[in-house]
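Here is a friendly walk through one protein chain, from its overall form down to a few backbone details. Please have the sequence and the model open as you read.

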Amino acid sequence: MDTAESRVIDLATAEILRRQAKGATQEGAQRLASAIFPGSMSAAIGLGDIFLEAAHEAVQARADDASTAISSVNWLSAIDPPVIRDGLTFVKHIKQFHERIGAEPTEALLEIPGYFKGTPFTAVGHDAEVPKPFYTDYFDYELELGYIVGRVCHNLTPDEAQRAIFGVTIFNDFSARDIQKLEMKIGMGPGKGKDCAFGIGPWIVTMDEIGRLDDLEMAVRINGKECSRGDSAETIWTPGESLAYMSISEYVQPGDLFASGTVGNGSGLEIGRKLEAGDVLELEVSRIGTLRTKIGPPEEKRWWPERRQKFW
């Protein structure tokens with residue numbers, strides 16, 4: 001994508017044209033382009049260095065012949081992650097969140113960079129409409145950084161893990177706070193409180209382009225009005241440490257997304273703001289962009305569990 005020129009470049013088309021200029025038949029060029037630039041971003045990242053190298057070459061050679069105005073694009077999630085993992089690392093958010101719920105942060109936060117796993121099947125992209133879940137009276141957003149894994153990670157050190165990060169996007173961990181509260185009391189982690197939707201986008205900025213990760217300015221707007229502002233400074237765990245921990249005795253895959261946890265002032269809970277149907281939410285991060293989502297009406301209620309009789 002060439003945002004400076006307000007256009008999107010179709011890499012597969014650019015590669016087909018580049019290969020045809022080198023003597024390939026149209027069929028041969030299409031086969032090669034579809035292998036290097038598949039429809040899955042995770043699959044493309046799994047190709048390793050060849051993916052970005054080919055992308056740069058295709059853009060340099062035939063960008064003007066394979067461009068579309070950015071205003072005409074229909075956005076998908078910036079990544080189709082095999083697994084979503086979400087942590088808790090920003091100091092200010094941890095303090096403010098626990099102040100709002102009247103609890104002390106657990107010291108376990110200081111022992112390990114904990115995380116939960118979310119379903120990738122409710123991931124949505126820029127300009128998507130997300131229904132407000134029918135089962136919540138407190139629908140919330142969480143402004144986070146989403147780190148995209150660039151290669152298979154297994155038993156890595158933090159330095160190795162940091163070098164394995166492909167790029168960064170904006171991540172919105174939508175939350176049904178009332179249901180989340182119930183689920184956390186069970187002690188098995190969040191489910192319906194989180195898996196209703198994950199916003200990812202609008203695009204991925206590669207690590208060579210993003211620069212430092214601890215000086216990003218971050219803002220939230222609802223219906224065009226700025227509600228809060230924060231930054232990416234002061235974390236308990238670095239991205240490299242978080243990914244290294246995730247890789248212990250596990251194989252983290254190319255295209256997996258792991259999130260930073262919410263930035264300070266990055267949730268409605270911290271500022272006393274709930275999301276309602278019709279709200280337009282914009283999450284902005286410097287050097288990345290803006291992820292916009294509209295909150296739609298709830299889906300029809302079909303079934304919800306009834307409370308069981310106490311058995312102890």
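With 312 residues, a compact globule would have a radius of gyration near 20 Å, and the chain agrees with this because its value is 21 Å. That radius is taken over C-alpha atoms, and the globule rule is 2.2 Å times the number of residues to the power 0.38. Do keep in mind that this is a predicted model, in which local features need pLDDT of at least 70 and side-chain atom pairs count only at pLDDT 80 or more, while totals for chains, interfaces and linings use all residues. Residues are numbered from 1 along each chain as its sequence is written, and side-chain values use heavy atoms, with hydrogens and water left out.

**The whole chain**

Along the principal axes, the C-alpha atoms fill a box of roughly 75 × 45 × 40 Å. The chain holds 10 helices and 16 strands; these are DSSP runs numbered from the N terminus, with helices being H or I of at least four residues and strands E of at least two. Of the 312 residues, 47% count as buried. Here buried means under 20% relative accessible area, exposed over 50%, and partly exposed in between, with a 1.4 Å probe and protein chains only.

Among contacts (heavy atoms within 4.5 Å) between residues at least 6 apart in sequence, 78% join residues at least 24 apart. As for charge, there are 33 positive and 47 negative side chains, and the centres of the two sets lie 5 Å apart. Lys and Arg count as positive and Asp and Glu as negative, leaving out His and the chain ends; each charge is placed at NZ of Lys, CZ of Arg, CG of Asp or CD of Glu.

**Helices α7 and α5**

Which residues of helix α7 are buried? In this helix, residues 177-186, they are R177, I179, Q180 and E183. They cover an arc of only 150 degrees around the axis, which puts them on the same side of α7; the arc is that of the directions from the helix axis to the C-beta atoms. An α-helix has 3.6 residues a turn, so residues three or four places apart point the same way. The face turned away from the buried side of α7 carries the exposed residues K181, L182 and K185.

The cover over the buried residues of α7 includes α5 (91-101), β7 (139-140), β10 (175-176) and α10 (268-271). Turning to α5, its buried residues are V91, H93, I94, Q96, F97 and H98, and their cover includes α7 and α10.

**Backbone details**

Most residues other than glycine have a negative phi, and most peptide bonds are trans. Here are some positive phi values to look up:

| Residue | Place | Phi |
|---|---|---|
| G102 | follows α5 | near 70 degrees |
| G187 | just after α7 | about 90 degrees |
| E234 | loop between β13 (225-231) and α9 (239-246) | about 60 degrees |
| R287 | loop between β15 (280-285) and β16 (289-296) | near 65 degrees |

E234 is exposed, with a relative accessible area of 55%, whereas R287 is partly exposed at 40%.

Strand β11 (residues 198-206) is also worth a visit, as the place of P202. The peptide bond from G201 to P202 is cis, with omega near 0 degrees. T206 lies in β11 too, and it counts as buried at 14% relative accessibility. Not counting residues up to four places away in sequence, T206 touches L52, F166 and G167.
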